[in-house]
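Q: Got a minute to go through a model with me? I'd like to talk through a helix, a metal site and some aromatics.

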Amino acid sequence: MKRTLSILGSSGSIGQQTLKVAEVCGHEVAAITVNKSVELAEAQVRQFAPRLAVAVDENAATDLRVRLADTDTKVLSGQEGLLEAASLPEADTVVTAIVGVAGLRPTLAAIDCGKRIALANKETLVCAGELVMSRAQESGAEIVPVDSEHSAIFQCLQGCKNRGEVRRLIITASGGPFYGMDCKELSLVTKEQALKHPNWAMGAKITIDSATLMNKGLEFIEAMRLYAMPPERIQIVVHRESIVHSLVEFEDGAILAQLGSADMCLPIQYALTWPERTTGPAKPLDLLSCPPLTFQKPDPDTFRCLGLALECAERGGTSTAILNGANEAAVALFLEDKIGFLDIPRLVERALDQVPVVDRPTLEDIFDADHAAREAAHQAVR
Ligand code: MG
């Protein structure tokens, strides 16, 4: 199955790995978008010759237009450019690899055009999951997860005709670089330590989220929305080896799991080719050289971000958008060396205390909640 892709966020970790999959598997690339990374965007255009390239930043777009003057690729900028890339007629599949709530509007645009969404932007479902899933149902857009845990669950659910047969989803967590530390030790960790994930090579934002375990909290909410599951039917288990990517337990007690090497090319590729499987660039897993597989309980009290996310999963409404907005702001502040590691959950908790929750929110309510949460986080630092 050959696909024609529009890749939103082609300069990030998922975007670059998507292009690797496209190259090996022979998918066409119709559009790429970056924020400011013009050098990389130019190289990608020269290799894949998309019809459209977008740099969201205006100055970067001007630069990119000059660099690509000798090509047939059209260059656009800003939000309009992103929306055009998301709804480009010749693309049948949109890979949403933009980080954060910034991916929400373009994802909705692609959904309204009935595209297949290879969903790598979990914040979209965390903030506006019910809205996104109902819009997809209306337009017939298929949403196939790229997140390794959700891809694993998606794979385990193939052939399951009756969702009532599913007892529980079991999401695995690597535990991040600080697993087993207490609060005193966590208060001393540095940015450099937090940016070193033991198993996965990823972008900075998700690597910090993995260290605080906020990533697992966001994934818990993402799974609720994707699979219409109540929180009591989702379990998180710490699995330090990152070999079992997640599991599904059925009513008869059978548990299906998906195993593989820690390589995002596989879930990316499956999101493109589903329901088919093809050869691709992912490293095969050699069971005989695997360490013993272990499973343990997570600690949402020490890793407070996880605890807060689980509370928001129960609460619903705009609480998950507040959680996400405050976390995006706090992680940016941490990466700028303006706050310490344990200030991340403190700022998120403060925003959750301050910003009122709206039930059954509209898209505007969600953006308002996101904005107010960021403001609350910034105010706390000022
Ligand atoms: Mg994941």
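Here is the chat, taken topic by topic.

Q: Before we start, what kind of model is this?
A: It's a predicted model.

Q: OK, helix H6 first. How far apart are its end C-alpha atoms?
A: Only 20 Å. H6 covers residues 122–139, which is 18 residues, and a straight helix would reach 26 Å at 1.5 Å a residue.

Q: Where does H6 bend, and by how much?
A: At Ala 128, by about 105 degrees.

Q: Is Ala 128 buried or exposed?
A: Buried. The buried residues of H6 also include Lys 122, Glu 123, Thr 124, Leu 125, Val 126, Cys 127 and Gly 129, and further along Leu 131, Val 132 and Ala 136.

Q: And what follows H6?
A: Gly 140, with a positive phi near 80 degrees.

Q: Switching to the metal. Which residues are the protein donors of the magnesium ion?
A: Asp 147 through OD, plus Glu 149 and Glu 219 through OE. They lie 2.0 to 2.1 Å from the ion.

Q: How are those donor residues spaced in sequence?
A: The pattern is D-x1-E-x69-E. Glu 149 sits in helix H7 (residues 148–156) and Glu 219 in helix H11 (residues 214–227), so to speak of the pair is to speak of a link between distant parts of the chain, 70 residues apart.

Q: Are the two glutamates, Glu 149 and Glu 219, buried or exposed?
A: Both are buried.

Q: Now the aromatics. How many pairs are there?
A: Four aromatic pairs in the structure. One of them is Phe 178 with Phe 341: the ring centres are 5.2 Å apart and the planes are at 85 degrees, so the pair is edge-to-face.

Q: Which parts does that pair tie together?
A: Phe 178 is in the loop between strand S8 (166–173) and helix H8 (183–186), while Phe 341 is in the loop between helix H14 (319–335) and helix H15 (343–354), so the pair ties together parts 163 residues apart in sequence.

Q: Why does Phe 178 count as buried?
A: Because its relative accessibility is 3%, and buried means under 20%. Phe 341 counts as buried too, at 3%.

Q: What else does Phe 341 pair with?
A: Phe 334, again edge-to-face, at 5.9 Å centre to centre and 65 degrees between the planes. Phe 334 has 4% relative accessibility, so it counts as buried.

Q: Last one: which residues make up the aromatic cluster with Trp 274?
A: Phe 154 and Tyr 270 form one aromatic cluster with Trp 274.

Conventions: Residues numbered from 1 in each chain as written. Predicted model: local features only at pLDDT ≥ 70, side-chain atom pairs only at ≥ 80, totals over all residues. Heavy atoms only, no water. Helix = DSSP H or I, 4+ residues; strand = E, 2+ residues; numbered from the N terminus. Expected span 1.5 Å × (residues − 1). Bend = angle between axes of the 7 residues up to and from the residue. Buried < 20%, exposed > 50% of the residue type's maximum accessible area, 1.4 Å probe, protein only. Donors = N, O, S within 2.8 Å, 3.2 Å for Na, K, Ca; no water. Phe/Tyr/Trp six-rings, centres within 6.5 Å; stacked < 30°, edge-to-face > 60°.
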